[in-house]
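Q: I have a model open on the bench computer and would like to learn how to read its confidence, its domains and its empty spaces. Could you take me through them in turn?

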Amino acid sequence: MKRDSDEKELNRRDFLVRSARAGGFIAAAGLLGYRLHDDTGARGLSSDEERQAVLADYSVPGTSRKMSIVTGQDRVTSVRLGLEAMGGIESFIKRGDKVLIKVNAAFATAPALSATTDPRLLSEVVRLCLKAGASEVAVTDNPINDPQSCFALTGIGEAARSSGAKVIYPKQTFFRPVTLPGGNLIRKWPVLVTPFEGVGKVIGMAPVKDHHRSGASMTMKNWYGLFGGRRNIFHQNIHEFIMELAMLVKPTLVILDGITAMMTNGPTGGSLADLKQTNTLVVGTDQVAVDAFGATLLGKSVHDLPYIMKAEAAGAGTADFESLGPARVTAG
Amino acid sequence: MDSRPARTETYVGLVILFTLAVIAAGIFLKQFHYDAALFAPAVPETGSAPASSAGSSDGPDLSDYATAGLSPMSGVEVFGPETLSEKIDGKAEMYLSAGFKELRCRRFGRSDRPNEWLELFVYDMDNPRNAFAVFSLQKRADAEELSIVRFSYRTSNALYLVHGRHYVEIVASVESMAEDVLAVGLKFIQTMPAEGANVGEIGLFPPEGLDPSSVALHVSDVFGFSELDNTFTASYNVDGVTVTAFLSRRKSPEDAARMAEAYRRFLVENGATVTDANLGIEGARVLKVFDTFEVVFSKGSFLAGVHEADDGDVAGRLAVRLHQGIR
């Protein structure tokens, strides 16, 4: 068969020249890709800008080591006494403050099942914030189940509205990508940020619950409900993730409701048999310390819940809650 | 020698390069337009509770199980393996590892009392054995055993049962709906055809001192040992002491012996010491794990033993009885 002149065999020199050119192109493409690599995230924001735009530090200077532990059966009385023991809610909420309360409204279950924030407790906290002069109180969460059912059936929606707060339901447009500086897991992940806009104070309110993956669900894990996307993938590395949540959200206060604790079959529970009257409510500014105490209500220690020790090591707070000298109050 | 490429070759090369340039430009431009919605879940907007979240929309809407006085509060929700966590969050892992196929659930309320409602959860676990696994692992301590089907119990506000390949939960918002809960459960059993839940290994546990309600099937990562799966446990009262026996059917006698050795090795690596106790069971070992005792042996295709007993003598005696019961 006749061969085209172009198909003549390459000599050694041509082969080397072509190889060098190809290698040069590959190297140039690699270099270009490296230079164009966007390490700062979406929309050209730097990691710091993303975090600052979304989640500021909402703690009140000088209050970082305050905690009170109230023994009682009535949530309304207990939270009132707990706050008084920390100097009153006026120490945290000032006139004109816009307050955001992050509740646990994860499931569309009845309040009696204690899988979600208790509506009576929420009402009292909203009332106290408004009494302290808050200009606005909003309540939000991105529940596991559909939001309308969750806020309705848990009683949280009605409790918020009747006490003067507004309910912010999650919408697609309320999410923006957030990166925790230095974080391994929270990187450019959609977070429910719109409710934080213009807010000066943030309060986290969570019940004490057993959790199948993390061992417990309390105030730190409560921030999980701010996340969107396929967030269940974080269950594969749950302790690291909760530690990062504690680094990401710096609240004004957290309130841990252990009046009734879900001891088994969490986080959904379902049966009243999963619950135990532990008659304790904790208010604090150090969420690591509050959760460390909460572990004892579940009959666990901080060593049973690795995320607590990780959060302490990361500088989010202290697991040695006694070192805060918590005020102990009996509600009668 | 002319080493220049042919004209056709040049044109083809240019077309490829142009195409790559267009793709690169597209990627470059697209990355400036990040859309969180691509990552965000299907966040249902207010007033739009999903009738179906995933899985097959075909199949029963569960309305047949509503009894007198109850009417649907919502549409049926359907979840598959990919979306189960959207309903039950962190507990999904347990169901998935047990062979979960689909969840259908629906709320029913009393029209005369708006705060009284219940939710029916029907988990398709593929077979009765898998259904028994999730049933047993969530057993409530103060449960009232029922006889409506072999595996069923209720608490003050809920009913739990295994019916064929289904694990069923009926959870009420208030205790006063206990009778409604039971009625829905009975209607489900009567309406839904199902094969009997035959979980053979349960019969191998010697009956004396056994707490029948304690039998549980652990599907994975049993006793913290990642290689050990599909293991039954049961609680015994021996001379006033509570002890846990276990057994696991393996593929073959050789596999059972290998697993027994692997589990013993795992215990030793985690601080256990092998005692010189002789139970008269070929190959059996009694290990001291800190303040507790563990007995491990294999018989035929079964791995078996006693787990975390406070008393070594009690553990040994129960192990001998368990060994005799395995046929």
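A: What follows is a dialogue on confidence, domains, pockets and cavities in this predicted model.

Q: How should I begin, and what confidence does the predictor give the complex and chain B?

A: It helps to start with confidence, since where pLDDT is low, the predicted coordinates should not be read in detail. For the complex, the predictor gives an ipTM of 0.79 and a pTM of 0.81, while chain B has a mean pLDDT of 88, with 91% of its residues reaching 70 or more.

Q: Where in chain B is confidence lowest, and where is it highest?

A: The lowest value in chain B belongs to helix H2 (residues 36-39) of chain B, with a mean of 44, and the highest to strand S8 (residues 166-172) of chain B, at 97. Over residues 35-55 of chain B pLDDT stays under 50, and for these residues the model has 54 contacts beyond four places in sequence. Low pLDDT is a reason not to read predicted coordinates in detail.

Q: Which domains are assigned in chain B, and how many residues of each are in contact with the other?

A: A domain assignment is a way of dividing a chain into parts, and for chain B it gives domain 1 (62-191) and domain 2 (201-325). Their C-alpha centres lie 32 Å apart, and 11 residues of domain 1 of chain B are in contact with 11 residues of domain 2 of chain B. Between them the two domains of chain B bury about 870 Å², 60% of it on carbon and sulfur atoms. Of the area that domain 1 of chain B buries against domain 2 of chain B, 52% is supplied by Arg129(B), Phe132(B) and Leu137(B), more than by any other three residues.

Q: What is the volume of the largest pocket, and which residues lie nearest its centre?

A: A pocket is an open space, whereas a cavity is one from which the probe cannot get out. The largest pocket holds about 1,100 Å³ of space, and among its 27 lining residues Arg21(A), Ala22(A), Phe25(A), Gly13(B) and Leu17(B) lie nearest its centre. Two elements each give two or more residues to this lining, namely helix H1 (12-36) of chain A and helix H1 (7-30) of chain B, and H1(A) gives the most, with 11 residues. By class, the lining of the largest pocket has 15 nonpolar, six polar and six charged residues.

Q: Which domains of chain B contribute to the lining of the second largest pocket?

A: Domain 1 (62-191) and domain 2 (201-325) of chain B each give at least three residues to that lining. The second largest pocket has a volume of about 800 Å³ and is lined by 31 residues, with His212(A), Met94(B), Leu137(B), Gln138(B) and His218(B) nearest its centre. Leu137(B) also belongs to the trio that supplies 52% of the area buried by domain 1 of chain B against domain 2 of chain B. In this second lining, nine residues are nonpolar, 14 polar and eight charged.

Q: How many cavities of 30 Å³ or more are there, and what lines the largest?

A: The count is two cavities of 30 Å³ or more, and the largest has about 220 Å³ of space. Its lining has 22 residues, of which Thr109(A), Thr268(A), Gly269(A), Glu119(B) and Phe121(B) are the closest to its centre. S4(B) gives the largest share of this lining, four residues.

Key
Residues are numbered from 1 along each chain as its sequence is written. Chains are lettered from A and ligands numbered from 1 in the order in which they are written. This is a predicted model: local features need pLDDT of at least 70, side-chain atom pairs count only at pLDDT 80 or more; totals for chains, interfaces and linings use all residues. Side-chain values use heavy atoms; hydrogens and water are left out. On a 1 Å grid over the protein atoms alone, a cavity is a set of points where a 1.4 Å probe fits but cannot get out, and a pocket is an open set with protein on both sides within 12 Å along at least five of seven lines; lining residues have an atom within 4 Å of a point. Grid points are joined across faces, edges and corners, and a volume is the space filled by probe spheres set on the points. Ala, Val, Leu, Ile, Met, Phe, Trp, Tyr, Cys and Pro count as nonpolar, Asp, Glu, Lys and Arg as charged, and the others, Gly among them, as polar. Domain bounds come from an automatic or database domain assignment. pLDDT is the predictor's confidence in each residue, from 0 to 100. Contact means heavy atoms within 4.5 Å. Buried area is the accessible area (1.4 Å probe) that two parts lose on being put together, summed over both.
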